[in-house]
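Q: I'm new to this one and don't know where to start. Could you pick one part, look at it closely, and then walk me outwards from there?

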Amino acid sequence: MSGHQFGGEWTTEKLERLREYLCAYMRIFSKNSHAARYTTVYVDAFAGTGHRVDSKRGHAGSRLFETELDPDAAAYRKGSARIALEVRPPFSRYIFIELSAERVAELELLKRQMAPTPDSVKIVNAEANQYLAHWCSETDWRQHRAVVFLDPYGMQVDWATLEALGRTRAVDLWLLFPLGMAVTRLLRRDAPPGKHWADALTRIFGTEAWRTAFYSKRDEPMLFEVESEQRRDVDWRDIGRFFVARLTTIFAAVADNPLPLRNSRNTLLYLLCFAAGNKRGAPLAVKIAKHILEPRGVRGELLQD
Ligand SMILES: C[S@@+](CC[C@H](N)C(=O)[O-])C[C@H]1O[C@@H](n2cnc3c(N)ncnc32)[C@H](O)[C@@H]1O
């Protein structure tokens, strides 16, 4: 088995919050007689392998050894697919989407070990946006309710995919938005990005409105003429709020307290966002998610000032 190295403390934070939501979701769907009629689906569209090897702590070869020595530390290194498979009661169905064939092979192993029933886990070796578009259109949303977790490294999630998920009116979305990892880096302070990166930003925001929302024109008096320049005069919080506002245009309700995730050097990496698609379920879903997203410990911080 190869290792899948990513993340650090912030990954643990992210996955713990996902786990809490999945447990709350399945508690509601198993106890509430209206909700219990639905087939519940968990979709992990950037599924990885089901485990992770902390980049600071070694490689997969040492995993078994470390597990034997320190079971708690090993528990922290579960990936999202494994965490979802551990939820009780389990979801009716699990779909794990992963682009890398090598990681798909590891997911197959995980399925053999942990699938509640052989048919309840589907592993798809595909590009996430493409597969989700197909899945959204082929699923009978009168009978299904789903939690979708989008955990990309960077800017892989297209706005069109979020729109398709919102249109189902049946999906609760957990999304890692690459705010510090990519978006604020592309939004240079001294000038708007060139066409290639501007197109990428438009793809992730689903609108060109970011240009006027983030940049303003200023006239700089030069020696012989006045030169007009554009500068970014918003910070990461404003950009995060802009994205959350965008989500409210396609989901029934959105948590207004997405969680900023920072690495050990305090560099902002991602915003962990939540949106609920079903009008009837959204108030409770967002209430639970907002509670789960609350900052914990000394490093907690809010998107709001
Ligand atoms: C951050 S990792 C996911 C980690 C996983 N959620 C976990 O907790 O174990 C991102 C994964 O997405 C996969 N990936 C990257 N681009 C993809 C795409 N366009 N479609 C599907 N999977 C993709 C990568 O191979 C990688 O395994």
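A: Let's start at the ligand: 19 residues surround it, and the closest are Phe46, Gly48, Gly79, Ser80 and Ala128. Sort that shell by chemistry and you get 9 nonpolar, 5 polar and 5 charged residues. Keep in mind that you're looking at a predicted model, so everything here is computed from it.

One of those closest residues, Ser80, carries the number at which helix α4 (80–85) begins, and the loop after that helix leads on to strand β2. In that loop sits Pro89, and the peptide bond between Arg88 and Pro89 is cis, with omega at about -5 degrees. That deserves a second look because most peptide bonds are trans.

Now for β2 itself, which spans residues 93–98 and is mostly covered, with 5 of its 6 residues buried. β2 has partners on record in two pairings. With strand β1 (residues 39–44) it runs parallel, joined by 4 bridges, and you can find Val43 standing opposite Ile95 there. With strand β3 (residues 121–125) it also runs parallel, this time through 5 bridges; look for Glu98 opposite Asn125. To get from β2 to β3 the chain passes through helix α5 (residues 101–114), and this β-α-β crossover is right-handed.

While you're on helix α5, find Arg103, which lies in it. Is Arg103 buried or exposed? Arg103 counts as buried because it has 22 C-beta neighbours inside 10 Å, and 20 is enough for that label. Arg103 also ends up 8.5 Å from Ala47, C-alpha to C-alpha, although the two are 56 residues apart in sequence.

Next, move along to strand β4 (residues 144–150), where Ala146 lies. Ala146 has 27 other C-beta atoms within 10 Å, so it is buried. Its C-alpha atom is 9.5 Å from that of Tyr38, with their positions 108 residues apart along the chain. Setting aside neighbours within four places in sequence, Ala146 is in contact with Val41, Val43, Ala170 and Val171. You've met Val43 already, as the residue opposite Ile95 in β2.

That brings us to the inside of the protein. The largest nonpolar core has 78 residues, and the members touching the most others are Leu22, Phe96, Val148, Leu173, Cys273 and Ala289. Take Leu22 as an example: leaving out anything within four places in sequence, Leu22 is in contact with Tyr42, Ala84, Val87 and Val147. As background, nonpolar side chains in soluble globular proteins tend to be buried together.

Two backbone oddities are left, and they stand out because most residues other than glycine have a negative phi. Arg169 has phi near 55 degrees, a positive value, and its place is in the loop between α7 (159–167) and β5 (171–177). Arg169 is partly exposed, because 17 other C-beta atoms lie within 10 Å. Asn266 is the other case, with a positive phi near 70 degrees. You'll find Asn266 in the loop between β9 (259–262) and β10 (268–276). Those two strands pair in the antiparallel sense over 4 bridges, and Arg262 has Leu268 in β10 as its bridge partner. Together they make a hairpin with 5 residues between the strands, and Asn266 takes its positive phi there. Asn266 counts as exposed because just 7 C-beta neighbours fall inside 10 Å.

Finally, step back to the whole protein chain. It has 12 helices and 10 strands. Of its 305 residues, 37% count as buried. And among contacts with a separation of 6 or more, 75% come from residues 24 or more positions apart.

How values were computed. Residues are numbered from 1 along each chain as its sequence is written. This is a predicted model: local features need pLDDT of at least 70, side-chain atom pairs count only at pLDDT 80 or more; totals for chains, interfaces and linings use all residues. A nonpolar core is a set of buried Ala, Val, Leu, Ile, Met, Phe, Trp, Tyr and Cys residues joined through C-beta atoms within 7 Å. A residue is buried if 20 or more other C-beta atoms lie within 10 Å of its own, exposed if 12 or fewer, and partly exposed in between; C-beta atoms are placed from the backbone. Two residues are in contact if their C-beta atoms, placed from the backbone, lie within 7 Å. A residue is near a molecule or strand if its C-beta atom, placed from the backbone, lies within 6 Å of it. Ala, Val, Leu, Ile, Met, Phe, Trp, Tyr, Cys and Pro count as nonpolar, Asp, Glu, Lys and Arg as charged, and the others, Gly among them, as polar. Two strands pair if DSSP finds at least two bridges between them. A crossover is right-handed if, with the strands pointing away from the viewer, the path from the first strand over the helix to the second runs clockwise.
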